[in-house]
Amino acid sequence: MNIHHYDYDLIIIGGGPVGMALALALRGSGTSVLLLEARGMPAKTEDSRPLALSHGSRLILQRLGVWDALPEVTPILTIHISSRGGFGRTVLTADDAGVPALGYVVSHHDVFRSMHEALQNCNVDYLEGAQVTRLETPAGLGEVEFQHGGITKKVTARLLAVADGGRLTGQIEGVTQHVHDYQQWAVVARVKTERFGSLPPAAVAKPFTAALSRSAKRTSQTTKVNGNGPARTQPSIAYERFTPDGPVALLPSGDRFALVWTVSPAAAQEILALDDTAFLARLHGHFGDRLGKFIETGKRAGFPLALKYAAPVTACRVVLIGNAAQTLHPVAGQGFNLGLRDAWELAEEIIASPADIGAPVMLARYGDKRQTDSSVGRIFTDSLIKLFSNDDLVLGVLRNSGLSALDCLPQAKRFVARRMMFGARG
Ligand SMILES: Cc1cc2nc3c(=O)[nH]c(=O)nc-3n(C[C@H](O)[C@H](O)[C@H](O)COP(=O)(O)OP(=O)(O)OC[C@H]3O[C@@H](n4cnc5c(N)ncnc54)[C@H](O)[C@@H]3O)c2cc1C
């Protein structure tokens, strides 16, 4: 017999993309849900970061009814990985992995907006401007205190899903947050290049037009390429270039590239302060001439980078998901993909046994299920940074020979390509 009175089955703390995904996954399930978000819909200029999504994430977003509302989706058919100052390079193609696309590039803002809109017309209680200040679990219930409209309120639930990016972790008894500061920042911007670049014909997965029509069969959204002047054909190649200061990634995004440039904190401040012309010249000097000159840029933004993870990811009546469970370096584009799987698999647990919501048995099942995926994503990403972002001569020889060897080993390439796309279950 349940002697407790509670307000909701589930309170989600944090309405970023992962918290919203969990709320959307539980629509119509009969679970009563309150979603508390401190801010609300951010302005587009606040966050220009791209998200590289795996095929698995696309399937989840389709089921959440979010994918078809995304205004621009650019498939990645080829990933070109190289190391500055070395000869090593490898090319991963969709063919290597045996899939139609290695991933898809979307904007973080577009994902946020589509989810935000989907939440307006459903039975989830969604409170924006609600800042959680305290969470506790007295007498086997989750209790949350939050500020809303200048008033302090309290609310209880059988389970608290903490999706706040890790800000409240210090308040959760029994959970430790591990932090490693990479001493790096990511500078992001949408940039236009003279060329899209090209690869030897054998290395290119499929002509873009073929990919476009294949992918158009499954979704109405694909890249819209409409640059000024003569039509440019988007070959859907992503470039990942490792340098001693950190990796620089250029992801195909419509008629541009989405840049994620990792630099030291001091260099980030310098780069963010440059005018556009000086910024484009500095980027060209750093990345090299593979794509010609960099000719246009959108607004730049900077993000400090650290590895943060919670252990364990569950406590009494509490579960941590998304960046609250693991915040990763963006080098391998795993963070949101992992967070989306956290949300999806938690929703599956809740729907499968509603009587157990928040019970130790449910939390243990969820923790076990997520363990491998989360730690493999974290270790894979962290190892890439350690292997590639330093000046060590021995590591330099190893990474160059490693990249060249990888290029000659189809099985190994397939392994890396699938890992980058699907995580541990790749
Ligand atoms: C430069 C960069 C590039 C990236 N590229 C990729 C990529 O290509 N692919 C990929 O998969 N991932 C990528 N990521 C990672 C991805 O952005 C994150 O994993 C994802 O945004 C995490 O979402 P989240 O909802 O867990 O957390 P967050 O986005 O941090 O959201 C947390 C939410 O909680 C709210 N909140 C915080 N505190 C409180 C409180 N006390 N009360 C109420 N609400 C609160 C915040 O307002 C916010 O809305 C990248 C990250 C960066 C920085």
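Modeller: Start with the rule: two strands pair if DSSP finds at least two bridges between them. Keep in mind that this model is predicted.

Colleague: What makes β14 and β15 a pair?

Modeller: The cut-off is at least two bridges. Strand β14 (residues 246–253) and β15 share six bridges, in the antiparallel sense, so they count as paired. In that ladder, A249 stands opposite V260 of β15.

Colleague: How are β14 and β15 connected, and what stands out in the turn?

Modeller: They form a hairpin with two residues between them. G254 sits in the turn and has a positive phi of about 60°.

Colleague: How do you know that β12 pairs with β15?

Modeller: Count the bridges again. Strand β12 (residues 176–193) and β15 have seven of them, antiparallel. The requirement is at least two, so this is a pair too. On this side V191 stands opposite F257 in β15.

Colleague: Why is β15 called largely enclosed?

Modeller: A residue is buried if its relative accessible area is under 20%. Eight of the eight residues of β15 (residues 256–263) are buried, so the rest of the structure largely encloses this strand. Both directions are covered: R256, A258, V260 and T262 point one way, F257, L259, W261 and V263 the other, and all are buried.

Colleague: Now the other sheet. Why is it called open, and what is the strand order?

Modeller: Three strands run in the order β3-β7-β4, with antiparallel pairing. The edges are β3 (50–53) and β4 (74–76), each pairing on one side only. The twist averages 30° from one strand to the next.

Colleague: What makes β4 and β7 partners?

Modeller: Three bridges join β4 to strand β7 (residues 103–107) in the antiparallel sense. At least two are needed, so the pair qualifies. One bridge links I76 to G103 in β7.

Colleague: Where does α4 lie relative to this sheet?

Modeller: Helix α4 lies across β3 and β7, at about 75° to β7.

Colleague: How do you describe the way α1 meets α4?

Modeller: Packed helices are described by the angle and the distance between their axes. The axes of α1 (residues 17–25) and α4 (residues 108–120) come within 10 Å and cross at roughly 35°. The crossing is left-handed. From α1, P17, M20, A21, A23 and L24 make the contact; from α4, H108, V111, F112, M115, H116, A118 and L119 do.

Colleague: What makes up that contact by residue type, nonpolar, polar or charged?

Modeller: The contact of α1 with α4 has 10 nonpolar residues, two polar and no charged. Histidine is outside the nonpolar and charged lists, so it counts as polar.

Definitions and conventions: Residues numbered from 1 in each chain as written. Predicted model: local features only at pLDDT ≥ 70, side-chain atom pairs only at ≥ 80, totals over all residues. Heavy atoms only, no water. Axes fitted to C-alpha atoms, helices over the stretch in contact; angles between N-to-C directions. Helix = DSSP H or I, 4+ residues; strand = E, 2+ residues; numbered from the N terminus. Left-handed = near helix turned anticlockwise from the far one by under 90°. Contact = heavy atoms within 4.5 Å. Buried < 20%, exposed > 50% of the residue type's maximum accessible area, 1.4 Å probe, protein only.
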